[in-house]
Amino acid sequence: MMLRNAAGRRAVATAATAVSLALALTACSGTTKDSKDTGGGEKAAGSATADPNAPLKKGLKIAFLPKQINNPYEKIVDEAGIAAAKEYGGTGKEVGPSDANASSQVSYINTLIQQRQDAILVAANDPNAVCGPLKQAMKKDIKVVAYDSDTAKDCRQLFINQASSEEIGRSLVQHLGEQIGYKGKVAILSATQNATNQNTWIEFMKEELKLPEYKGMELVKVAYGDDADQKSFQQTQGLMQAYPDLKGIISPTTVGMAAAARYLSDSSYKGKVVLNGLGTPNQMRKYVKDGTVEQFSLWNPEELGYLGSYAAAALASGQITGAEGEKFKAGKLGEYTIGKDGEVILGEPTVFDAKNIDQFNF
């Protein structure tokens, strides 16, 4: 699957929004002149009314708060969002912890509130640990947008999702199943135990594995590398020591994917254990070319940050409140529609392999 053009992405976003969120990833929806109150978003949107014709305000201050400041993937996302802010006359910055612990983002949110940012974009390490300060931010009319990894639904106005969570989880199992002939023991190498996005994808992986075609596959372990390179490397090593007959590993985290590939590439398991998951082309290129990895998936992280930035600006400018059905323009990506519970979906993920990986540079 190649990345779609703007029109294609909008079509995917609209269709996927309608279908995918029978999910538990829910968000706040507000009340507008033209939309019904869904009962879950009054705390976030209050009685605000959207003005879709309002211009984007100049001089907006937005801040990206990633899971951890040294995560290469989230650096790409945040830098693209900061660059987007310049397009609409705002300023952006990235702040955050060096670890991905559940409560490590709280102090940064408090500081951003004191700085009177117009919008905070957060990739939550834990869906609930950040809620207290985020609610305080919204009370002070600071807009809150979750991206990449969601918060609890009443702690933000929007959630910018990379793709349908169900599609991500199920497709990774589908790809791995095809690669190992639907037989053998498999494991998952995740990030942190509390990461909302990881846990949602893993639940859909488990649901997919219950289908009849996977009766010959057994999920033996979900390991956690905490989105730390060395720990993820060690967890991969531990999986192979505990299950030497393991046939496949799914790592739905770019840090874990790269670390697992590094371990396998220099081990006797290279070419014998299938590794699939989510990674960036620049991190994974060498492992695709040396035969360690056949394929992996991801959306365009630059577009995720860009979309999040414009969504935050639309909120802060009063164009939208976060209610289902509202529309906003995201610069060069075109128009997006807010789905159920405040979710906005970027589009369909791309599958990278030896045939197309050199076409991408991120």
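In this predicted model, the accessible surface of the chain amounts to about 14,200 Å², and carbon and sulfur atoms contribute 47% of that area. The chain has 362 residues, of which 60% count as buried. Its secondary structure comprises 11 helices and 14 strands. Among the contacts in the chain with a separation of 6 or more, 72% are accounted for by residues that stand 24 or more positions apart.

One disulfide is present in the structure. A disulfide is a covalent bond that joins the sulfur atoms of two cysteines. Here the bond is formed by Cys131 and Cys155, whose sulfur atoms lie 1.9 Å apart, a separation that meets the criterion for a disulfide because the limit is set at within 2.5 Å. The link of Cys131 and Cys155 is right-handed, with 100° about the S-S bond. Cys131 belongs to helix 5, which covers residues 131–139, whereas Cys155 is found in the loop between strand 4 (143–147) and strand 5 (158–161), and the pair therefore ties together parts that are 24 residues apart in sequence.

The surroundings of the two cysteines can be described in terms of their accessibility. Cys131 has a relative accessible area of 10% and is buried, because a residue counts as buried when this value is under 20%. Cys155, for which the relative accessibility is 0%, likewise counts as buried.

Key:
Residues numbered from 1 in each chain as written. Predicted model: local features only at pLDDT ≥ 70, side-chain atom pairs only at ≥ 80, totals over all residues. Heavy atoms only, no water. Helix = DSSP H or I, 4+ residues; strand = E, 2+ residues; numbered from the N terminus. Buried < 20%, exposed > 50% of the residue type's maximum accessible area, 1.4 Å probe, protein only. Contact = heavy atoms within 4.5 Å. Areas by Shrake-Rupley, 256 points an atom, 1.4 Å probe, with all protein chains shown as cover.
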